[in-house]
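I opened this entry to look up the surroundings of a ligand and a few backbone details. The structure comes first, and my notes come after it.

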Amino acid sequence: MTASLIPEPYRIKSVEPIRLLERGERCRRLAAAGYNTFLLRSDDVYIDLLTDSGTNAMTDRQWAALMMGDEAYAGSRSFERFAGAVSEVYGYPFVVPTHQGRGAENLLSKALITPGDTVPGNMYFTTTRVHQELAGARFEDVIVDEAHDPVSTAPFKGNVDLAKLAALVERVGAAKVPYVTVGCPVNLAGGQPVSLENLRAVAGFCRPRKIMVVIDGARAVENAFFISEREAACRGWSVRRILREMCASADTVCVSAKKDLYVNIGGFLATRDAALYEKAAELCVVYEGLHTYGGLAGRDLEAMAVGAVEMVQDEWIAHRVAQVRYLAARLEEAGIPFVRPVGGHGVFLDANAFLPHLGPEDLPAQALAAWIYEDCGVRGMERGVVSAGRDEEGRNRAVSLELVRLTLPRRVYTQTHLDFVADGVAKTWARRASLPGLRFAHEPKLLRFFQARFEPAPVPAGI
Ligand code: F0G
């Protein structure tokens, strides 16, 4: 990997000041936040790589569209523009807006799940699984084995393992499997993509068994980009065409628009299935708002309508992936371990390899995210045992991947910022042997990683 970057396909029209606190102050603020980067104040952070969700910089066209928002309660023009753009880009006739991705997951889970069902998926995602469980289903992982190996360089580590899926359906019966969720790409595996060939094979298996195929399309444009690079049959295709083909092989897509669509809030469910649409639209009224605004303002719908069309312009996604790869190459120069191949939304540091003296009870990724913040004011996010939560028996779920995600917001940071991040993480790498783990001081029941508090664990003997 070499550290080179393509020039930005944009210039900067508005800026937001940021500042770096001095180290002693950072240590105090981290302790006050219970060593959880989610509980830091934004003002305490210099470069915020917590997430790429809702942290995007919009284009001038999106900002201009905000003024066109039709705030009518029912039947707003903005809804028509939004639904039209989504239908055109994703290829589904029915669209239900939601306040964000998990709103769509809630509608989907409630509409399709009967208690006692099983929902297979290519690795869990936190909010997706919790909605499935709250609706009475059990999640089962059917991702290929390579996904669990941070050093495997297989091109499509997000693929569904058809043998695992078939064995599961055989065991529980197709009638107990309402749908399969295919995350394209797989966030918690490091942004690993799914091939079009695999998606089509999943659909080929599911269709005769009347199992719906649902794409989790939070970052489907990134997935389409990797298909254009790695799948011989699609080489030279535009991301726009590939995204349509991905959706053509599935039935429904749930989207957090806070990612691909370059907005700060929003989401939707889009489907070809009229019966699902009717149920989802009805539930939308209960949980989100009328089905023509779904918990959003008309102006938010306008910004999404523009974002949906802009996101499939190839130059945006090419630059985004190049930025992520640049950061990875700089980290590689310092010898810092991260998940391969590098995905499209961030670099996922391998906390087990970074802090090999810590065991799972030390919450290595949670600790690493905290110590990186101390060293450089950069905020990342734990994606490991804390995110995985507890199983039905109350035990911590075992995880193969113990990661700190350095996520790049879209069009927000420059090359100099990325250099600062790489140099900052290198400081933590230099003092890695003396770093302690963390213990829970407060543990919420649902999605504990968001609000948990921690304290430093006793320093291991010999350090
Ligand atoms: N699916 C995936 C793959 C996601 O990454 C997310 C959110 C969601 C669904 C839920 O969408 O946040 O709009 O309700 N991921 C954010 C992240 C939180 O930081 O990765 P949401």
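The notes below begin with the ligand and end with the backbone.

I am working with a predicted model, in which local features need pLDDT of at least 70 and side-chain atom pairs count only at pLDDT 80 or more, whereas totals for chains, interfaces and linings use all residues. Residues are numbered from 1 along each chain as its sequence is written, and side-chain values use heavy atoms, with hydrogens and water left out.

I looked up the shell first and found 17 residues around the ligand, each with a heavy atom within 4 Å of it; the closest are Thr-51, Arg-102, Asp-216, Ser-256 and Lys-259. By class, I noted three nonpolar, seven polar (Gly among them) and seven charged residues (Asp, Glu, Lys and Arg). Helix α4, residues 101–112, gives the most to this shell, with three residues; helices here are DSSP runs of H or I with at least four residues, and strands are E runs of at least two.

I then checked the polar contacts (N or O pairs within 3.5 Å). An oxygen atom of the ligand lies 2.7 Å from a side-chain N or O atom of Thr-51, and for the side chain of Gln-100 the distance is 2.9 Å. A polar side-chain atom of Arg-102 is 2.7 Å from a ligand oxygen.

Turning to the backbone, I found a cis peptide bond between Cys-184 and Pro-185, with omega about 0°, and Pro-185 sits in the loop between β5 (179–183) and α7 (196–206). The bond from Arg-340 to Pro-341 is also cis, with omega near -20°.

Methods. Polar contact = N/O pair within 3.5 Å; in protein donor to acceptor, adjacent residues only side chain to side chain.
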